[in-house]
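Thanks for coming, everyone. Please have the sequence and the model open in front of you. I'll go straight in.

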Amino acid sequence: MGLSPKQKEEACQAIVGFLLTEGHTEAAGAVAEATNVKAKSLDEKFMSLLEKKWTSVIRLQKKVLELETALEQAQGELKAPRSRAAGDPSLWIPRPPARSEAKGHRLPITAVKFHPTFTLCATSSEDATIKIWDFETGQYEQTLKGHTKSVNNIAFDHSGKNLASCSADTTVKVWDFQTYMCIKTLQGHEHNVTGVGFDPSGDLIISSSRDKTIRFFEIATGLCVRVFEGHSDWVRRVQPSADGNFLISASNDHTVRVWETRTGNCKWVLRSHEHVVEDVTVAPDSARAAINTLALGKENASNTLIGPFAASAGRDRIIYIWDISSGRQLAQLVGHDNWVRGITWHPGGKYIISCSDDKSVRVWDIVTTRCVKSFSAHSHFVSAIDIQPKALCVATGSVDLSIKWWDCA
């Protein structure tokens, strides 16, 4: 396809302008005479137009190469066998393309959580709502309304009967997941609440807030029965252990703290992070073998370290693995190009899956500490991630307002 007369005229003017800028007046005059360009009255914009166009071409060439690489990877994924008929499920990891995608929230997604039993997934958003989806089909099911500001986090109890949510409106709400009705509003925090979870008994809700505290609420009475203090800044996340003996918290003060639930004492302050700690999660028992191999440096390490173990991630772009019993850092996972916003343990215990503001999802081999899979998941920051241990499906939520579900294979 040739240039239009207008484009030809501008190209000639740009060449003359470039020659004049570089001091080649005779050459510029010759080109101007040959192309009928009036060099003396040349518009100022043509003096730098050729240089701008040239650098634009270089940028576009680089982008084309990146897109070609991404296309080649995507084509390889599509051709790869996706069957789960054979192989070890503990080795299945999320792979593109997404199984399904949904949109419905009006503002960025803040959390995604799978129901422990049903094929349902709950999402929360800065639009002050919680939405329920069927992750098998991606179909919308229900919207829960009640909070007046951003819903920052959500959590199911172990049975899936109740859903807890926390909000920038300083409240924590408990929802009956059978009727989708709010059955309790828990008050006590004095600022934005961003972390929430159930203790193993299901009788207490544990929350964390920008007011620097961790609070225990009794669901039956709605009363705040305990308060843990120690962080010097916003406590972003909190998670109790499976046995309820301890809980772990992440904060803007760059630390992760380990608390004894019975006494309220802070057992460890973990200080490796150099920026805000965005997320923290306790390792499942299935991860013990891989973590022992990592820590002991042997192929067939015996279970010398009893644990428990945990992982944390933050704005320093690093994921740390911890031995909670000793407060020892076991490993760091480095590779994300922006804030790491969420992490989850693969139920097989051999991988950690992370999401980031670099728009990617990454799968990390615990033993080697290497990223074994990385793919672009959304068109904007990936702000939330979760995995369904039975269905082996990963959910991600993003600032681009979409939720995606990815099969592990």
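Start with Phe18. Is Phe18 buried or exposed, or in between? Phe18 is partly exposed, at a relative accessible area of 31%. Here are the cut-offs: buried is under 20% relative accessible area, exposed is over 50%, and partly exposed is in between, with a 1.4 Å probe and protein chains only. The areas come from the Shrake-Rupley method with a 1.4 Å probe, and for residues only the protein chains shown count as cover.

A word on the source: this is a predicted model, where local features need pLDDT of at least 70, side-chain atom pairs count only at pLDDT 80 or more, and totals for chains, interfaces and linings use all residues. Residues are numbered from 1 along each chain as its sequence is written, and side-chain values use heavy atoms, with hydrogens and water left out.

Back to Phe18. You'll find Phe18 in helix H1, residues 5-21. Helices (H or I, at least four residues) and strands (E, at least two) are DSSP runs, numbered from the N terminus. Phe18 joins Ile15 and Leu50 in a nonpolar surface patch of about 210 Å². Patch residues have over 30% relative accessible area and no salt bridge; like charges are joined within 9 Å, and nonpolar side chains (Val, Leu, Ile, Met, Phe, Trp, Tyr) within 5 Å.

Next, Ala27. Ala27 sits in helix H2, residues 25-35. Ala27 is partly exposed too, at 35%. Between Ala27 and Val16 there are 8.2 Å in space, C-alpha to C-alpha, and the two are eleven residues apart in sequence.

Now the charges. Side chains of opposite charge can pair when their charged atoms come close. A salt bridge is a side-chain nitrogen of Lys or Arg within 4 Å of a carboxyl oxygen of Asp or Glu. How many salt bridges does that rule give? The count is eight.

Take Asp88 and Lys350. Their closest N and O atoms are 3.8 Å apart. Asp88 is in the loop between helix H3 and strand E1, and Lys350 in the loop between strands E22 and E23, so the pair ties together parts 262 residues apart in sequence. Asp88 is partly exposed at 36%. Lys350 is partly exposed at 33%.

Next pair: Arg315 and Glu278, at 2.6 Å, N to O. Arg315 lies in the loop between strands E19 and E20, Glu278 in strand E18, 37 residues apart. Both Arg315 and Glu278 are buried.

Last, a network. Salt bridges link Arg99, Glu136 and Asp407.
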